[in-house]
Amino acid sequence: MEQGMLTVITQQEIAPNIFELVLQGELVRAMEKPGQFLHLLVPQKDLLLRRPISINQFDRQNLTCHLIYRVEGQGTKAFTQLSVGDKVDCLGPLGNGFDLSGLKAGDIAYIIGGGIGVPPLYELSRQLVAKGVKPIHFLGFAKKEVVYYAEKFQALGETFFATDDGSFGVRGNVSHLLEGRTEEPAAVFACGNNGMLKMVDAKYQNHPNAQISMEARMACGVGACYGCVCHVKNEPTKSLKVCDEGPIFKTGVIVL
Ligand code: FAD
Ligand code: FES
């Protein structure tokens, strides 16, 4: 983990209230695993806490990385004011990242994502493809208007979409997309809202290689403040820190 200044290369609204920020700088050299995140200082002096945003993709040769964020409150609103050439104070890469070590060429991996949980799954899918693993993507969004990166995922492998109102892909959520599938994936990876993670956690709780990415409100981001703990199933006295022991956990471990 390092702290460094990354320079804004581009910033673009790719769907209503969803922005793609491309940053460049030495910190990118340390990026390795998909599912890790950056802890960004907000460019507004009264907002002291950093905001965690997943690394959507990185390119170590050109020292660039992409972040995709949705405007939620004051911090993410302030990010929209960043323009080309501005510097962003970043801490990272943070978190354990998805573990791809058990996979080999020819394996099938399910990639399950929802809404603003989709961004880190893109780097994950790219790394799986580079390993010769076949990703199958199951992505859920509220409606067609807020779908992003559809073609990019399709370029990496088979991709199925669900929207709440049926305006893109099937009507419903990602659990509808998984119904009736007959492949036996060697790994399952998921990132999305709590409801979706609960579904994946229950469905794949005994799967030998199923991993979910958790969200928690964070302060330090580096394991020092215990602000981000989640509880462990069947062990009431045990907790795990999402920032440094996660955000990726095996299914069947965390209380969701
Ligand atoms: P406010 O609601 O004003 O935030 C107030 C405080 O709560 C801040 O300290 C903020 O950091 C914290 N907070 C609020 N919501 C969340 C949340 N859901 N998770 C964690 N802290 C929160 N969002 C994206 O749009 N794209 C991503 O790729 C992304 N990756 C994430 C990866 C991780 C590991 C985590 C934990 C969260 C991620 N988030 C992502 C959520 C993002 O961090 C919050 O939306 C953001 O911090 C909200 O800040 P705000 O000031 O706009 O909102
Ligand atoms: Fe401080 Fe996780 S945010 S320990």
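**Figure 1. Polar contacts where domain 1 meets domain 2 in this predicted model.** Across the interface of domain 1 (2-94) and domain 2 (108-213), with bounds from an automatic or database domain assignment, the rule picks out 8 residue pairs in polar contact, both partners at pLDDT 80 or more. A polar contact here is a pair of N or O atoms within 3.5 Å; within protein, one must be able to donate a hydrogen and the other to accept it, and residues adjacent in sequence count only if both atoms are side-chain atoms. Salt bridges (a side-chain nitrogen of Lys or Arg within 4 Å of a carboxyl oxygen of Asp or Glu) come out at 0 across this interface. Local features need pLDDT of at least 70 and side-chain atom pairs pLDDT 80 or more, while totals for chains, interfaces and linings use all residues. Residues are numbered from 1 along each chain as its sequence is written, chains are lettered from A and ligands numbered from 1 in the order in which they are written, and side-chain values use heavy atoms, with hydrogens and water left out.

**Figure 2. The side of domain 1 that touches domain 2.** Strands S1 (2-15), S2 (18-24), S5 (57-59) and S6 (64-70) each supply at least two residues of this side; strands are DSSP runs of E, at least two residues, numbered from the N terminus. S6 gives the largest share, 4 residues. Sorted by class, this side has 9 nonpolar, 5 polar and 4 charged residues; Ala, Val, Leu, Ile, Met, Phe, Trp, Tyr, Cys and Pro count as nonpolar, Asp, Glu, Lys and Arg as charged, and the others, Gly among them, as polar.

**Figure 3. Area buried between the two domains.** Put together, domain 1 and domain 2 bury about 1,300 Å², with 62% of it on carbon and sulfur atoms; that is accessible area (1.4 Å probe) lost by the two parts, summed over both. On the domain 1 side, Pro-34, Asn-56 and Gln-57 lose the most, together 34% of what that side buries.

**Figure 4. Ligand 1 and its neighbours.** Among the 20 residues around ligand 1 (a heavy atom within 4 Å), Pro-52, Gly-75, Thr-76, Glu-215 and Arg-217 come nearest. A polar side-chain atom of Glu-215 sits 2.5 Å from a ligand nitrogen. Ligand oxygen atoms also take part: one is 2.8 Å from a side-chain N or O atom of Arg-51, and one is 2.8 Å from a polar backbone atom of Gly-73.

**Figure 5. Backbone oddities at Pro-93, Pro-247 and Leu-63.** Most residues other than glycine have a negative phi, and most peptide bonds are trans. Gly-92 and Pro-93, however, are joined by a cis peptide bond, omega about -5 degrees, with Pro-93 in strand S7 (residues 87-94). The bond from Gly-246 to Pro-247 is cis too, omega near 10 degrees; Pro-247 is in the loop between strand S15 (235-241) and strand S16 (248-250). Leu-63 has a positive phi, near 55 degrees, and belongs to the loop between S5 and S6.
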